[in-house]
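Trainee: Got a minute? I'd like to go through the pockets in this one.
Mentor: Sure, let's bring it up.

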Amino acid sequence: MTAPAAIHYFERLASTMDLLHSLAAEGAAAGTVVRAAEQTGGRGSRGRIWLSPPGGLWLSVLLRPSSASALDLLSLRIGLAVSQRLSDLVGGAPIRLKWPNDLMLGDRKAGGILCEARWQGETLAWVAVGLGLNVANRVPDGLAEVATTLEDHAPGIVPDSLVEPVVATVLATETDSARLSERELERFEALDWLLGRSLRSPVAGVAAGIASDGALRVALADGRERAVRAGPVELAATPVRT
């Protein structure tokens, strides 16, 4: 099992990502981890606020890839590896993947992954990998229909029990290959929460899996297929016919 270089733990912190970036700029080694019992300024993708109350797993892991060739695939690969590891630990319903970076239990979100790169000129300096996971924390009333916790499916589970296996899984993730292998695509397909669902955004159509470069494949109503590499995912209220 791959061990972290160091784990910096805080009861309360604005953002594990922000502190990890600061440590990285000061020369922290790959494998450095920042964890907080509670975040007051956690963030998700596209600058969204990530609520991080006590009881969840909120941490960031420092990676220093040798090149940027696989950077666009990193969150997908980490999501795939972490979802499988968590499914083993939790048992019962599998944790599935919603492109590009959400972890799903049933039809509700249990966590997410955020990868932020920093550069020195044109050279990739480091990547901070943030993981937010609802474990035993209270889900706000306004999010109860769209979010869930691991404890709902595995009573008694606590964040401390997940730190070592989750960090080891992140540190063991492939960071060099610029294409997903056939095996990775097969594994993703088996856990693909979006597959076959009608989409309104990022483009209207039906989710048809992912490409080897990590793009979301969308089947359009006119029979064509479009590869989408960015954008918020929204389900369509009515099925899209293709």
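Mentor: Keep in mind that this is a predicted model. Start with the second largest pocket: strand S6 gives the largest share of its lining, five residues.
Trainee: Which other element gives two or more residues to that lining?
Mentor: Helix H2 (74-90) does, alongside S6.
Trainee: How many residues line the second largest pocket, and which lie nearest its centre?
Mentor: The lining has 27 residues. Nearest the centre are Leu71, Asp72, Ser75, Pro100 and Arg229.
Trainee: What is its volume?
Mentor: About 640 Å³ for the second largest pocket.
Trainee: And what's the lining made of, by class?
Mentor: The second largest pocket has 15 nonpolar, six polar and six charged lining residues.
Trainee: OK, switching. What volume does the largest pocket have?
Mentor: About 850 Å³. It has 40 lining residues, and the closest to its centre are Arg48, Ile49, Trp50, Asp102 and Lys109.
Trainee: Which elements supply at least two residues each there?
Mentor: Helix H1 (16-25) is one. The strands are S3 (57-63), S5 (102-105), S6 (108-120) and S7 (123-133).
Trainee: Which one gives the largest share?
Mentor: S6 again, with four residues in the lining of the largest pocket.
Trainee: So S6 turns up in both linings?
Mentor: Yes. S6 has the largest share in the largest pocket, and also in the second largest.
Trainee: Last one. How many nonpolar, polar and charged residues line the largest pocket?
Mentor: The count is 19 nonpolar, 12 polar and nine charged.

Methods. Residues are numbered from 1 along each chain as its sequence is written. This is a predicted model: local features need pLDDT of at least 70, side-chain atom pairs count only at pLDDT 80 or more; totals for chains, interfaces and linings use all residues. Side-chain values use heavy atoms; hydrogens and water are left out. On a 1 Å grid over the protein atoms alone, a cavity is a set of points where a 1.4 Å probe fits but cannot get out, and a pocket is an open set with protein on both sides within 12 Å along at least five of seven lines; lining residues have an atom within 4 Å of a point. Grid points are joined across faces, edges and corners, and a volume is the space filled by probe spheres set on the points. Ala, Val, Leu, Ile, Met, Phe, Trp, Tyr, Cys and Pro count as nonpolar, Asp, Glu, Lys and Arg as charged, and the others, Gly among them, as polar.
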